[in-house]
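Okay everyone, thanks for making time. I'd like to walk you through a structure that's new to most of you, so let me put it up on the screen.

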Amino acid sequence: MRNILVTGATGFVGSNLVVALRSQGYHVRAFHRASSPAIALRNIPVEHVVGDLLDRCSLTRTMSGCDTVFHTAAFVSFRRRDKPLQMEINVGGTRNVVDACLEAGVETLVHTSTIAALGYRTDGELIDEATPYNWGTENGYRYSKHCAELEALAGARRGLHAVIVNPSIIVGP
């Protein structure tokens, strides 16, 4: 049985992922803040770990024994005043997750991104994951998620098997 850590396990994407992983028989550690309501996981047999993305040492300890980490945690806001905190949590937190994965010997990091981290096209064609980011730095959420992707890619260059998924563009059955 694989041992999986899900960051942001009480959020929309994270809690649904935890349910899906448990239904397939995986052992799941649900990583979330103390202030996050875990109501979506109340009847799901998971190992709850309270922590903070900004505490790399606790992340490394939490990842011990895990072979896969799904990083779904993020600070979502569209208020300008939240940009500094988004950069700290979404970018710095992802950097900590990447570093902790490397330190703990995690086999695979699955980083959850967003369509907001992709660029736009001016030629009327559809975008895809190869469309370069070209929005600038004004929107804190968009920019922080783009920078978080860069952290995951930096981890891949350092030897981490990292996958970036974008749940807003996944298609299929």
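Let's begin with a pair of strands: S1 and strand S4, residues 68–71, pair in the parallel sense over 4 bridges. If you want one spot to look at, take Leu5, whose bridge partner in S4 is Val69. And just so nobody gets the wrong idea, this is a predicted model.

Now, S1 has another partner as well. Strand S2, residues 27–32, runs parallel to S1, and 5 bridges join the two. On that side, Asn3 has His27 in S2 as its bridge partner. Put helix H1, residues 12–23, into the picture, and S1, H1 and S2 make a right-handed β-α-β unit.

So is S1 enclosed or open to the outside? It's largely enclosed by the rest of the structure, because 4 of its 5 residues, in the stretch 3–7, are buried.

Staying with strands, let's go to S5, residues 108–112, where you'll find Leu109. Leu109 counts as buried because its relative accessibility is 0%, and buried here means under 20%. What's around it, then? Leaving aside its neighbours within four places in sequence, Leu109 is in contact with a whole set of residues, among them Val97, Val98 and Cys101. Val69 is on that list too, and that's the residue we just met as the bridge partner of Leu5. Another contact is Leu160. Leu109 and Leu160 are 51 residues apart along the chain, yet their C-alpha atoms are separated by 7.4 Å.

Okay, on to charges. Side chains of opposite charge can pair when their charged atoms come close. How many salt bridges turn up in the whole structure? The search finds 9, and I'll show you a few of them.

Take Arg56 and Glu103, where the closest N and O atoms are 2.9 Å apart. Arg56 lies in helix H2, residues 56–63, and Glu103 in helix H3, residues 83–104, so this pair ties together parts that are 47 residues apart in sequence. Both ends are partly exposed: Arg56 has 32% relative accessibility, and Glu103 has a relative accessible area of 45%.

Next up is Glu151 with Arg95, at 3.1 Å between the closest N and O atoms. Here Glu151 is in helix H4 and Arg95 in helix H3, so the pair ties together parts 56 residues apart in sequence. Glu151 counts as buried at 17% relative accessibility, whereas Arg95 is partly exposed at 37%.

Then there's Arg158 and Asp99, whose side chains meet in a salt bridge at 2.8 Å, N to O. Arg158 sits in the loop between H4 and strand S6, 161–165, while Asp99 is in helix H3, so this one links parts 59 residues apart in sequence. Asp99 is buried, with a relative accessible area of 15%. There's also a network: salt bridges that share partners join Arg2, Asp67 and Glu107.

Last stop, the surface. Which residues form a nonpolar patch there? They're Leu150, Leu153 and Ile164, and together they have about 220 Å² of accessible area. Leu153 lies in helix H4, which covers residues 140–157, and Leu153 is partly exposed, with a relative accessible area of 40%.

That's my tour. Happy to rotate the model if anyone wants another look.

How values were computed:
Residues numbered from 1 in each chain as written. Predicted model: local features only at pLDDT ≥ 70, side-chain atom pairs only at ≥ 80, totals over all residues. Heavy atoms only, no water. Buried < 20%, exposed > 50% of the residue type's maximum accessible area, 1.4 Å probe, protein only. Contact = heavy atoms within 4.5 Å. Patch = residues over 30% accessible without salt bridge, like charges linked within 9 Å, V, L, I, M, F, W, Y side chains within 5 Å. Areas by Shrake-Rupley, 256 points an atom, 1.4 Å probe, with all protein chains shown as cover. Salt bridge = Lys/Arg side-chain N within 4 Å of Asp/Glu carboxyl O. Pairing = 2+ DSSP bridges. Right-handed = clockwise from strand over helix to strand, strands pointing away.
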